[in-house]
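Here is a short tour for someone who likes to know which charges sit where. Have a look at the model first, and then we can go through its salt bridges together.

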Amino acid sequence: MNNKSKRDIFFLIALIVVCAIMARSLAGHETLDEYAKKKPATENVSTGAADSSSSSNSSSTSYENSTELSSTKDSSTESASLGKSASENSTDEVNSSVTNASSLSSDEDVSDTRVNYSDGFYYEALPESIVSKITNVSYPKDCEIPLDNLRYCVMLYVDFEGETKTGEMICNKDIADDIMEIFYELYDNNYQIESIKLIDDFDADDEASMEANNTSCFNYRPIGNGTKLSKHAQGLAIDINPLYNPQIKYKNGSMSIAPSTSEKYADRTADFPYKIDENDLAYKLFTSHGFSWGGNWNSSKDYQHFEKKNR
């Protein structure tokens with residue numbers, strides 16, 4: 001082989017080597033076999049990337065759905081919360097409206113002691129407002145009857161005009177149930193009573209109350225002008241329509257009438273309205289509950305008066 005042929009061969013080998021080096025460099029310094037072996041893996045990586053992308057998209061979609069659901073849930077929760085709040089506010093407003101619309105009774109301080117007999121009929125311990133009203137009036141400073149022994153009664157009655165009115169009375173706790181039952185029956189039978197007010201509305205003046213034909217019970221006072229306490233002082237006596245049913249006393253051949261304006265009703269043989277006798281419903285009800293009637297007394301006659309002994 002001549003020198004020229006050797007140079008051509010050497011040049012060809014060198015060219016092949018250079019091409020191989022360049023090819024490897026372009027292939028990341030990998031041989032063709034290595035590249036061929038790695039290509040499926042690359043495709044797998046690509047597929048994996050696609051799957052990853054798909055998974056990522058799915059995850060993203062899932063996240064978006066989750067976020068949407070979460071948002072919906074939060075929105076729903078918020079709406080429910082707002083709805084509840086609105087409901088609570090509405091209830092509060094209604095309750096407030098009811099509270100404001102209804103008059104608060106002055107006897108809230110003793111409402112837990114109230115005994116309801118029927119609609120419009122109840123009794124309870126004396127409310128502070130009533131204690132304040134009667135102090136130094138029908139309940140003087142020297143009163144020996146404990147306030148705890150007294151009850152404030154409210155009842156309905158039919159007045160002389162045939163209208164239903166609400167009356168109030170203070171009595172001894174021992175007869176409170178009797179008062180409820182008796183006055184309920186009187187009302188239910190349209191028995192007419194002109195007035196049922198506390199005697200304090202007449203400055204605890206028994207004469208003034210009788211002249212106004214007022215039906216009353218408690219008043220810490222003696223009998224007449226004497227010193228012995230009346231049953232009224234204990235809240236155990238009730239005077240009914242006193243103007244038409246006066247107290248009549250006979251002493252030394254003379255007659256006194258209380259109230260003094262009731263002279264024309266002193267003749268009990270006469271017939272006139274609102275007269276209490278043994279045929280009268282009030283008489284029947286009170287005596288059936290163990291009360292005695294002043295109309296049956298011997299030394300005097302007190303036709304308005306019913307009283308009950310202490311238990």
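A residue is called buried when its relative accessible area is under 20%, exposed when that area is over 50%, and partly exposed in between. With 9% relative accessibility, D178 falls under the 20% cut-off and therefore counts as buried.

Please keep in mind that this is a predicted model. Its chain has a mean pLDDT of 79, and 68% of the residues reach 70 or more. Residues 38-105 deserve some caution: pLDDT stays under 50 there, and for this stretch the model has 3 contacts beyond four places in sequence.

**Salt bridges**

How many salt bridges does the model have? The count comes to 6, and the table shows some of them, including the N to O distance of each pair.

| Pair | Closest N to O distance |
|---|---|
| K308 and D178 | 2.8 Å |
| R221 and D206 | 3.6 Å |
| K133 and E168 | 3.9 Å |

Let's begin with D178, whose side chain meets that of K308 in a salt bridge. This pair links distant parts of the chain, 130 residues apart: K308 sits in the segment after β12 (305-307), while D178 belongs to helix α4 (residues 176-188). What about the cover on the lysine: is K308 buried or exposed? K308 is buried, because its relative accessibility is 16%.

Next comes R221, which forms a salt bridge with D206. Here the partners are 15 residues apart, with R221 in the loop between β6 (214-215) and β7 (237-239) and D206 in helix α5 (residues 206-211). R221 has 17% relative accessibility, so it counts as buried. D206 is buried too, because its relative accessible area is 18%. Salt bridges with shared partners also join K133, E168 and D201 into one network.

Within that network, K133 and E168 form a salt bridge of their own. The pair connects helix α3 (residues 128-134), which holds K133, to strand β4 (residues 164-172), which holds E168, across 35 residues. K133 is partly exposed, because its relative accessibility of 31% lies between the two cut-offs.

**A nonpolar patch**

Away from the charges, which residues form a nonpolar patch on the surface? They are F11, L12, L15 and I16, and together they have about 420 Å² of accessible area. F11 lies in helix α1 (residues 3-26). At 58% relative accessibility F11 is over the 50% cut-off, so it counts as exposed.

Terms used. Residues are numbered from 1 along each chain as its sequence is written. This is a predicted model: local features need pLDDT of at least 70, side-chain atom pairs count only at pLDDT 80 or more; totals for chains, interfaces and linings use all residues. Side-chain values use heavy atoms; hydrogens and water are left out. Patches are made of residues with over 30% relative accessible area and no salt bridge: like charges are joined within 9 Å, nonpolar side chains (Val, Leu, Ile, Met, Phe, Trp, Tyr) within 5 Å. Accessible areas come from the Shrake-Rupley method with a 1.4 Å probe; for residues, only the protein chains shown count as cover. A salt bridge is a side-chain nitrogen of Lys or Arg within 4 Å of a carboxyl oxygen of Asp or Glu. Helices (H or I, at least four residues) and strands (E, at least two) are DSSP runs, numbered from the N terminus. Buried means under 20% relative accessible area, exposed over 50%, partly exposed in between (1.4 Å probe, protein chains only). pLDDT is the predictor's confidence in each residue, from 0 to 100. Contact means heavy atoms within 4.5 Å.
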